[in-house]
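Student: Could you take me through one part of this structure up close? I'd like to see how a piece of it sits against its surroundings.

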Amino acid sequence: MTERSLGEWLAYLEQLHPSAIDMGLERSREVARRLGLGKLAPLVITVTGTNGKGSTCAFLASLIAAQGQRVGVYSSPHLLRYNERVLVQGVEASDQELCKAFAAVEAARGDISLTYFEMGTLAAFWLFERAQLDAVVLEVGLGGRLDAVNLVDADLALITSIGLDHADWLGDTRESVAFEKAGIMRAGKPALCGDLDPPQPLLEQAAVLDTPLFLRGRDYDLSVQEQDWSWYGLDEQGCVLRLEQLPLLDLPMENAALALQAYALLPLPWNHQQIVQALLETRVTGRLDRRALDWRGKSLTLLLDVGHNPHAADYLAQRLESRPLNGKRWAVFGLLADKDLPGVVAPLLSQVTGWAVAPLDTPRSRGAAELAEHLRGQGAKVVQYADVRAALEAQCEQAAEGDEILLFGSFFCVAEALDWLARPA
């Protein structure tokens with residue numbers, strides 16, 4: 001059989017299973033057994049939550065790697081290249097490595113049908129186990145309890161936030177979402193929750209498992225001032241640790257605070273300077289991702305954010321409010337059909353001068369006409385475009401020197417903008 005390219009593998013994976021999402025661990029667990037997968041590294045950290053997973057994983061990996069530890073990170077979705085999902089020491093897995101991993105999973109699965117995500121997760125695990133890592137940081141794809149990432153027992157389980165998203169799979173209450181996310185916790189192993197109001201099912205599950213539970217507002221917290229921020233938390237022995245006058249970060253500082261509390265529980269050095277440097281160097285493409293843009297002689301700012309639910313939109317609005325502009329802010333916006341359009345738009349209406357809306361390059365996209373109709377109903381100035389690129393170029397054209405273009409609403413939206421940025425002027 002001719003060896004497949006990565007593109008051919010991904011096309012094959014997309015049609016391998018009758019549905020894109022098929023919650024449950026039985027099939028993946030059996031294939032993992034056939035592959036001989038054990039513990040991926042001495043330290044396994046699993047991260048779930050409605051928002052903030054990506055930046056929390058990035059902060060943690062940065063903090064651990066700063067101590068000379070070899071770290072792997074698994075995340076999803078990707079923006080431009082599938083390779084972004086599997087990082088070893090901050091370097092994306094190569095096409096060749098991914099193809100080899102997919103071939104190994106394919107050979108092991110036999111007649112067991114796996115989804116695209118399950119195949120990708122097992123392939124990442126196969127690569128991590130062979131990379132001789134000190135730690136792996138695993139981002140849950142959907143929920144927690146029945147997500148393929150949950151095949152691996154976590155030494156530390158992190159739950160960033162609990163909000164309503166993916167209601168068809170996780171239920172339409174915070175309690176049902178919390179129950180699913182609490183599924184990543186393991187008996188006797190520490191768990192952390194960054195939500196200031198954790199629903200009862202999460203607390204109950206921690207009690208049943210006798211899980212040491214570290215809660216924001218009780219065991220750790222942060223305080224943000226105009227020029228800096230501070231943090232306190234607990235180490236393994238329950239002693240209080242403090243960090244004062246930390247430089248402000250572009251990424252969400254509550255996610256940095258959660259990562260700091262996780263790091264505080266590890267047997268690694270607690271060096272103020274190294275910690276600050278690790279936090280400052282943490283970047284996540286497409287999350288509060290601010291870039292200078294020269295558009296036909298005009299200096300503009302382009303702010304990319306993948307926020308696509310009300311919680312993320314609220315946070316984005318708060319960050320915009322904390323950094324007032326001298327100029328105007330112009331939005332480029334696209335959204336998937338299953339997302340809460342009113343909830344995503346409402347927090348940002350007062351921050352934006354004019355909106356450019358466009359359909360996304362996926363059958364799951366919400367139509368531009370529907371986006372425009374809703375925004376006009378809220379009193380917004382809005383223009384429809386055929387695609388994200390046309391919308392972005394139109395906003396750049398009408399923006400004045402010093403204005404900001406805010407592009408948000410979906411991974412698909414940001415991916416199209418990144419592709420546009422990568423092209424020659």
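Tutor: Let's look at helix 2, residues 26-35, and start with how it meets helix 4, residues 95-109. Keep in mind that this is a predicted model. The axes of these two helices come within 9 Å and cross at roughly 105 degrees. An angle from 65 to 115 degrees counts as roughly perpendicular, so that's how helix 2 and helix 4 lie to each other.

Now zoom in on who touches whom. Helix 2 brings Val-31, Arg-34 and Leu-35 to the contact, while helix 4 brings Ala-104, Val-105, Ala-108 and Arg-109. Sort those residues by type and you get five nonpolar, two charged and no polar ones.

Next, try looking at helix 2 by itself. Which of its residues are buried? They're Ser-28, Val-31, Ala-32 and Leu-35. Here's a handy bit of background: an α-helix has 3.6 residues a turn, so residues three or four places apart point the same way. Looking down the axis of helix 2, you'd find its buried residues within an arc of 105 degrees, so they line one face of the helix. Val-31 and Leu-35 should ring a bell, as both are in the contact with helix 4. The packing of the buried residues involves helix 4 and also helix 5 (116-130). Flip to the other side of helix 2 and you'll meet Glu-26 and Arg-33, which are exposed. Just after the helix comes Gly-36, with a positive phi near 75 degrees.

For a companion example, go along the chain to helix 13, residues 368-377. Its buried residues are Ala-368, Leu-371, Ala-372, His-374 and Leu-375. Seen down the axis of helix 13, they fall within an arc of 165 degrees, so here too they line one face. What do they pack against? Their neighbors are helix 12 (341-345) plus three strands: strand 14 (329-333), strand 15 (354-357) and strand 16 (382-384). On the face turned away from that buried side, Glu-373 and Gly-377 are exposed. A glycine with a positive phi follows helix 13 as well: Gly-379, near 85 degrees.

One last stop, the cysteines: the structure holds zero disulfides. Take Cys-57, whose nearest cysteine sulfur, in Cys-193, is 15 Å away. Why is there no bond from Cys-193? Its closest cysteine sulfur is that of Cys-57, and 15 Å is too far for a bond. Cys-57 is buried at 1% relative accessibility, and Cys-193 is buried at 0%.

How values were computed:
Residues are numbered from 1 along each chain as its sequence is written. This is a predicted model: local features need pLDDT of at least 70, side-chain atom pairs count only at pLDDT 80 or more; totals for chains, interfaces and linings use all residues. Side-chain values use heavy atoms; hydrogens and water are left out. Buried means under 20% relative accessible area, exposed over 50%, partly exposed in between (1.4 Å probe, protein chains only). Helices (H or I, at least four residues) and strands (E, at least two) are DSSP runs, numbered from the N terminus. The arc is that of the directions from the helix axis to the C-beta atoms. Contact means heavy atoms within 4.5 Å. Axes are lines fitted to C-alpha atoms, for helices over the stretch in contact, and angles run from 0 to 180 degrees between N-to-C directions. Angles under 35 degrees count as roughly parallel, over 145 as roughly antiparallel, 65 to 115 as roughly perpendicular and the rest as oblique. Ala, Val, Leu, Ile, Met, Phe, Trp, Tyr, Cys and Pro count as nonpolar, Asp, Glu, Lys and Arg as charged, and the others, Gly among them, as polar. A disulfide is a pair of cysteine sulfur atoms within 2.5 Å.
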